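The following paragraphs walk through one protein chain, beginning with the whole and then turning to single residues. Please keep the sequence and the model in view while reading.

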Amino acid sequence: MTEKKRALITGITGQDGSYLSEFLLDKDYEVHGIIRRSSSFNTSRIDHIYQDPHNPHVSLFLHYGDLTDGTTIRRILEEVRPVEIYNLGAQSHVRVSFDSPEYTVDTVAMGALRLLEAIRDYQYRTGIEVRFYQAGSSEMFGKVQEVPQKETTPFYPRSPYSCAKVYAHWQTLNYRESYNLFACNGILFNHESPRRGETFVTRKITRAVARIVAGKQKKLYLGNLDSKRDWGYAKDYVRAMWMMLQQEQPDDYVIATNETHSIKEFLEIAFTHVNLNWQDYVEFDPRYLRPAEVDLLIGDCTKAKEKLGWQPSVTFTELVHLMVDSDIKALEQSSMVGSGFD
Ligand code: NAP
Ligand code: GDD
């Protein structure tokens, strides 16, 4: 019997980590994920694929660790001996990164460096190739220098989070060129799903729509409604991550839908879907404004289409509808505690 391919995922408990785990398990990988110790359960997005470690045929393994803890990362790498590593772990909330810049940079920028250093030493010592995926972000384009944004568009980050992602991007490229690592940067535009964290604007809206319909909420407080984002479906985007690591040569790719929509458009589609008018419910709260805003993101994913054969499968309207429907269903079934639906 041939050995299964082993993948290691940081951020396995997050939106993307959960979808990527499902995707890799379907491809018959042995999947290892790093989880943070928490005083309450933080595995709701992966509970449905959790396997009892006593089962001899288990193919999903969880390891305690943290991107701020380089020693543990090295130990896990030695134990797991993965052939692919997906670095999805991050303090990923842009607004929060202004409140906690040092922690965000430690996790996002230094976390990537810790992994790259561990891989470099492991590969040098064992001669085994480890393919590395770095979760880069369209936030790196920030105050955009070109419309639409592609792989060659200069970065202009506008938050501690995106400055840290730019650092991780260049280190990934630097390790590829300096040490011949198979290291890829995915420059992913916003991607959403029913598993999206509840404090990101899309999920905040769809969850509020469900609660308003159920009579559990009267108002929805938001910040800037004029910014525009290129929103895709998270399941499509994790497929692109894997595709990058299957190529003959490592490279960097923009993953996007080539469409942009404002928060107001998102509100319009979400509320109209349940026959409500968003203007009757949405109130402005300045606490959700950012010290510096990213006004417009729209990606050009031509390179990914041509070289990876990747393209998005869910339209903007379908995405909004599927998120609203899922939140309504989740509320009906479980009073909104960790949806887990898709
Ligand atoms: P997410 O839902 O916020 O998940 C982040 C994951 O990182 C969680 O598993 C979290 O663990 C973990 N994490 C946080 N701090 C950590 C630390 N210090 N050490 C180890 N793990 C840590 O994010 P996502 O939406 O899945 O995004 C995945 C990655 O893609 C992130 O790097 C994000 O910055 C990047 N990205 C996302 C988008 C997007 O639109 N979703 C676009 C571009 C790039 P807990 O569950 O314990 O909190
Ligand atoms: N979160 C949030 N909450 N955003 C709001 C709100 C609110 O109440 N009101 C308005 N917004 C606006 C923000 O100012 C921003 O312009 C836009 O909605 C989107 O905000 P988020 O959903 O928080 O996402 P983001 O675009 O800042 O960041 C996400 O996408 C990046 C990729 O471009 C995150 O997933 C990042 O981790 C990711 O890198």
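Of the contacts in the chain with a separation of 6 or more, 79% are accounted for by residues 24 or more positions apart. The structure is a predicted model. Its secondary structure comes to ten helices and 13 strands. The radius of gyration of the chain is 20 Å, close to the 20 Å that the globule rule gives for 342 residues, so the chain is as compact as a globular protein of that length. Taken along the principal axes, a box of roughly 65 × 50 × 40 Å is filled by the C-alpha atoms.

How much of the chain is buried? Buried residues make up 54% of the 342 residues. The chain exposes about 15,600 Å², and carbon and sulfur atoms supply 49% of that area. As for charge, the chain has 40 positive and 46 negative charges, and their mean positions are 3 Å apart.

The tour of single residues can start with His63, which has its place in strand 3, residues 60-64. The relative accessible area of His63 is 14%; buried means under 20%, so His63 counts as buried. Its side chain makes a polar contact with the side chain of His32, at 2.8 Å. Not counting residues up to four places away in sequence, His63 touches His32, Gly33, Ile34, Ile35, Ile76, Glu79 and Val80. Strand 2 covers residues 30-35, and the list of residues touched by His63 includes His32, Gly33, Ile34 and Ile35.

Just ahead of strand 2 is a loop that follows helix 1 (15-26), and Asp28 has its place in this loop. Asp28 has a positive phi of about 70° although it is not a glycine. Most residues other than glycine have a negative phi. With a relative accessible area of 46%, Asp28 is partly exposed.

Further along the chain, Leu116 is found in helix 4, which spans residues 101-126. Leu116 is buried, and its relative accessible area is 0%. Which residues is Leu116 in contact with, leaving aside its neighbours within four places in sequence? They are Phe132, Gln171, Thr172, Tyr175 and Leu181. One of these, Thr172, is 56 residues from Leu116 along the chain, yet the C-alpha atoms of the two are separated by 7.3 Å.

Thr172 also appears among the residues touched by Asn185. Asn185 has its place in strand 6, residues 182-188, and is buried with a relative accessible area of 0%. The side chain of Asn185 reaches the backbone oxygen of His169 at 3.2 Å. Not counting residues up to four places away in sequence, Asn185 touches a set of residues that includes Gln134, Ala168, His169, Leu173 and Arg176. Met244, Asp251, Asp252 and Tyr253 are also among the residues that Asn185 touches.

Between strand 5 (131-137) and helix 5 (160-179) is a loop that holds Pro148. A cis peptide bond joins Val147 and Pro148, with omega about -10°. Most peptide bonds are trans.

Helix 8, residues 263-272, has the buried residues Ile263, Phe266, Leu267, Ile269, Ala270 and Phe271. What do these residues pack against? Their partners are helix 6 (201-213), strand 8 (220-222), strand 12 (261-262), strand 13 (282-284) and helix 10 (316-334). The loop between helix 8 and strand 13 is where Asn275 is found. Phi of Asn275 is near 60°, a positive value in a residue other than glycine. Asn275 is exposed, with a relative accessible area of 72%.

Helix 10, one of the elements packed against by helix 8, is also where Met323 lies. Is Met323 buried or exposed? At 0% relative accessibility, Met323 counts as buried. Leaving aside its neighbours within four places in sequence, Met323 is in contact with Glu192, Ser193, Pro194, Arg196, Thr202, Arg203 and Thr206. Helix 6 covers residues 201-213, and Thr202, Arg203 and Thr206 are among the residues in contact with Met323. Met323 and Glu306 are 17 residues apart in sequence, while their C-alpha atoms are 30 Å apart in space.

Terms used: Residues are numbered from 1 along each chain as its sequence is written. Chains are lettered from A and ligands numbered from 1 in the order in which they are written. This is a predicted model: local features need pLDDT of at least 70, side-chain atom pairs count only at pLDDT 80 or more; totals for chains, interfaces and linings use all residues. Side-chain values use heavy atoms; hydrogens and water are left out. Helices (H or I, at least four residues) and strands (E, at least two) are DSSP runs, numbered from the N terminus. The radius of gyration is taken over C-alpha atoms; the globule rule is 2.2 Å times the number of residues to the power 0.38. Buried means under 20% relative accessible area, exposed over 50%, partly exposed in between (1.4 Å probe, protein chains only). Contact means heavy atoms within 4.5 Å. Accessible areas come from the Shrake-Rupley method with a 1.4 Å probe; for residues, only the protein chains shown count as cover. Lys and Arg count as positive and Asp and Glu as negative; His and the chain ends are not counted. The place of a charge is taken as NZ of Lys, CZ of Arg, CG of Asp or CD of Glu. A polar contact is a pair of N or O atoms within 3.5 Å; within protein, one must be able to donate a hydrogen and the other to accept it, and residues adjacent in sequence count only if both atoms are side-chain atoms.
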